Amino acid sequence: MDREELFILRYAGLRDQALRLTDRDAAEAEDLLNDAFIHFTLSQTLVESIQNLDGYLFTMLRNLRLSQARRLARTPQGDLSLVDYESNPRDKIKAEDELRAICQYGCVRKEARGREAC
């Protein structure tokens with residue numbers, strides 16, 4: 001069985017644990033699971049050498065969550081640069097989505113003001 005299948009078979013339990021680690025925040029839990037999936041599938045550790053795979057995956061989730069919390073504590077949200085977003089594709093996509101929403105809002109406001117002026 002390959003790593004992807006091993007992870008998917010444990011997905012429901014891992015999701016429950018991720019929800020607990022993120023105080024029931026479904027979006028954060030999903031991000032945490034995605035990170036864990038990537039780390040696990042790219043890991044060089046031999047699966048056969050892991051004695052307790054469930055414990056290993058939970059520890060991975062917990063360590064990734066701690067890493068996220070430390071990174072957020074070190075980087076004030078208002079001071080992120082483009083380099084910070086490029087190092088994490090999810091953050092870059094989120095920033096692009098936010099910029100699109102801001103632009104769309106600006107266009108809607110501009111159109112509304114144009115109608116008021118008329």
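**Entry 1: R3 and its surroundings**

I began with R3 and listed its contacts beyond four places in sequence, which are F40, T41, S43, Q44, T45, L46 and V47. I note at the outset that this is a predicted model, and that each value below is computed from it. R3 itself lies in helix α1, which covers residues 3–9.

I then asked which side chain of opposite charge is nearest to R3. It is E48, at 6.9 Å, and R3, although buried, has no salt bridge. The cut-off for a salt bridge is 4 Å between a side-chain nitrogen of Lys or Arg and a carboxyl oxygen of Asp or Glu. What I did find for R3 is an approach to the backbone, since its side chain reaches the backbone oxygen of S43 at 3.4 Å.

**Entry 2: F40 and the core**

F40 appeared in the contact list of R3, and I looked it up next. Leaving out residues up to four places away in sequence, F40 touches R3, L6, F7, V47, L53, Y56, L57 and M60. The largest nonpolar core has 16 residues, and within this core F7 and F40 are the ones that touch the most other members. I checked which helices contribute, and found that α1, α2 (11–21), α3 (26–42) and α4 (53–74) each supply at least two residues of this core. As background I wrote down that nonpolar side chains tend to be buried together in soluble globular proteins.

**Entry 3: Aromatic rings**

Searching the whole structure for aromatic pairs, I obtained three. For the pair of F7 and F40, the ring centres are 6.3 Å apart and the planes stand at 35°, so I recorded the pair as tilted. This pair links distant parts of the chain, with F7 in helix α1 and F40 in helix α3, 33 residues apart. Are these two residues, F7 and F40, buried or exposed? Both are buried. I also noted a single aromatic cluster that is formed by F7, F37, F40 and Y56, and Y56 is a residue I had already met among the contacts of F40.

**Entry 4: Salt bridges**

A search of the whole structure for salt bridges returned two. In one of them R10 pairs with D54, and the closest N and O atoms are 2.7 Å apart. R10 sits in the loop between α1 and α2 while D54 belongs to helix α4, so this salt bridge ties together parts that are 44 residues apart in sequence. On accessibility, I recorded R10 as partly exposed, with a relative accessible area of 23%, and D54 as partly exposed too, with 45%.

The side chains of E28 and R65 also meet in a salt bridge, with 2.8 Å from N to O. Here again distant parts of the chain are linked, E28 being in helix α3 and R65 in helix α4, 37 residues apart. E28 counts as partly exposed, at 30% relative accessibility.

**Entry 5: The chain as a whole**

I finished with the overall counts. The chain has six helices and zero strands, and read along the sequence it follows the pattern α-α-α-α-α-α. Of its 118 residues, 20% count as buried. How much of the contact total with a separation of 6 or more comes from residues 24 or more positions apart? Such residues account for 60% of those contacts, and the pair of F7 and F40, 33 residues apart, is one link between distant parts that I had noted above.

Notes:
Residues numbered from 1 in each chain as written. Predicted model: local features only at pLDDT ≥ 70, side-chain atom pairs only at ≥ 80, totals over all residues. Heavy atoms only, no water. Helix = DSSP H or I, 4+ residues; strand = E, 2+ residues; numbered from the N terminus. Buried < 20%, exposed > 50% of the residue type's maximum accessible area, 1.4 Å probe, protein only. Lys, Arg positive; Asp, Glu negative; His and termini not counted. Polar contact = N/O pair within 3.5 Å; in protein donor to acceptor, adjacent residues only side chain to side chain. Contact = heavy atoms within 4.5 Å. Core = buried A, V, L, I, M, F, W, Y, C linked by side-chain atoms within 4.5 Å. Phe/Tyr/Trp six-rings, centres within 6.5 Å; stacked < 30°, edge-to-face > 60°.
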